[in-house]
Every structure is written in structure tokens, then in C-alpha cells.
Amino acid sequence: MADKLTNHYYTQNPDVLHEEHHWPFTLLGNELLFTTDNGVFSKNRVDYGSRVLLAAFDAEKTPAGPWLDLGTGYGPIGLALAKRWPERRITMVDVNELALALARQNAVANQIENVEIKTSDIYSEVTQRYAAIITNPPVRAGKSVVSTMLTAAKDHLLSGGTLTVVLQKKQGAPSAKKLMTATFGNCTIIKKDKGYYILESTLMSE
């Protein structure tokens, strides 16, 4: 059974037959060039959920400080944010080494320098606090992984910082809203689009 899982995008070293794809995509008003490969999520286009998430994210309400793209994949969310807000520093993390290599390649191709791209199993290598955490969580990795991404965010946000998440209703958005509310004391559905919910919680001063 373990062998069947080695090529999933949420594993550390996907065992895949390499087949690179190169394509442009416009996000937040900027055309970005992406290289993708087998073994990463949504290799032919930026997935709809990520696009809804980016469009709904409210940068103005986040305090000063860096942002974290949790589960960055080949980098569409983090790179789009970094290109749109060059004054912000974006940390982009993932467990998938193949995806991270592509994210680094994509950062260079798009001349984006205000990013740090590194390996982290959820928050294992995340050592600072952020003004915002943005994530399109890997639902197929299992409920415990997604739940940890949501609840442990509280320990990695600055006061007033936001956690913004995209999930489909059928993949657990309502239960995620309950979990985020229990964790942060608040959670708002800031957008609904074709079954995708954008959920946002704010870390209030304690």
C-alpha cells in the first residue's frame, strides 16, 4: 500500500516519471510563467480554489510582517502574492521536495526575490510568526493533516494576523469553520464560489 502513495503530491519525494509543463497564467493582475511536473497538485493550470482564495484575500487587514503560504506546491499562491505585494516577505513551505524545486525555479523565472522557499512538514520548520497564513490544504492527505494546519496556525500568527483557507463544502468546509471558530474564537466565510468556501480567522490579542 505504501508504494501506491509514493507519487502523491503531499509526499516528500514523489516517485514519478518526469514530464515538465510550461505555461503562463495571470494571477492578481500579473502574468506569471509556471513550470510544473507530474507529482504536483494541479499541474496544467492554477486550480480554481487557489484562484478564489487569492481573489478573496484582503491584504489590507493584515498587520505589518511577513506572510506564510502553507502547502505551497509549485508556488502559485505564494508567488502571486509576492509579485502583487513586493514590499511583503513571503515564506513558502511544503513537504514535497519536487514541488519546492519547481517553486524555486518559478520564482527565478518570474524574477521574484521577496520569498523564502523551504521544506516543512506542516509547521515543523516554521519558526517565526506571520501577519497572514494562506493555505489551500491538501485534503487528500487526510483530516488530521488539515486539522493541524488550521489549529496550529494560532501558534504562528502575530496579533491581529489572519488565517485564510479555501475548502470545498463537500470536502469539509463547514466542519473546518467550526474548528477555526473553536481555535480562534472567530471565523468568517468571506466568499463562496461554486462550492468553494473561503474561511478566515483572526488572532485576537490575548
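Q: Which side chain of opposite charge is nearest to the buried Arg 88?
A: In this predicted model, local features need pLDDT of at least 70, side-chain atom pairs count only at pLDDT 80 or more, and totals for chains, interfaces and linings use all residues. Residues are numbered from 1 along each chain as its sequence is written, and side-chain values use heavy atoms, leaving out hydrogens and water. Arg 88 is buried (under 20% relative accessible area, 1.4 Å probe, protein chains only) and has no salt bridge, meaning a side-chain nitrogen of Lys or Arg within 4 Å of a carboxyl oxygen of Asp or Glu. At 4.9 Å, the nearest side chain of opposite charge is Glu 87.

Q: Where does Arg 88 lie?
A: Helices (H or I, at least four residues) and strands (E, at least two) are DSSP runs, numbered from the N terminus. Arg 88 lies in the loop between helix 3 (76–84) and strand 4 (90–94).

Q: Why is Ala 173 counted as buried?
A: Ala 173 is found in helix 6 (residues 173–184). Beyond four places in sequence, Ala 173 is in contact (heavy atoms within 4.5 Å) with Leu 167, Gln 168, Tyr 197 and Leu 199. Ala 173 is buried because its relative accessible area is 0%.

Q: Which strands are the edge strands of the open sheet of seven strands?
A: The strand order is 5-4-3-6-7-9-8, with mixed pairing; two strands pair if DSSP finds at least two bridges between them. Each edge strand pairs on one side only, and these are strand 5 (115–119) and strand 8 (188–193).

Q: Which residue of strand 9 is the bridge partner of Thr 164?
A: Strand 7 (residues 157–168) and strand 9 (residues 196–202) pair in the antiparallel sense over seven bridges. In strand 9, Thr 164 has as its bridge partner Glu 200.

Technical notes: Buried < 20%, exposed > 50% of the residue type's maximum accessible area, 1.4 Å probe, protein only. Lys, Arg positive; Asp, Glu negative; His and termini not counted.
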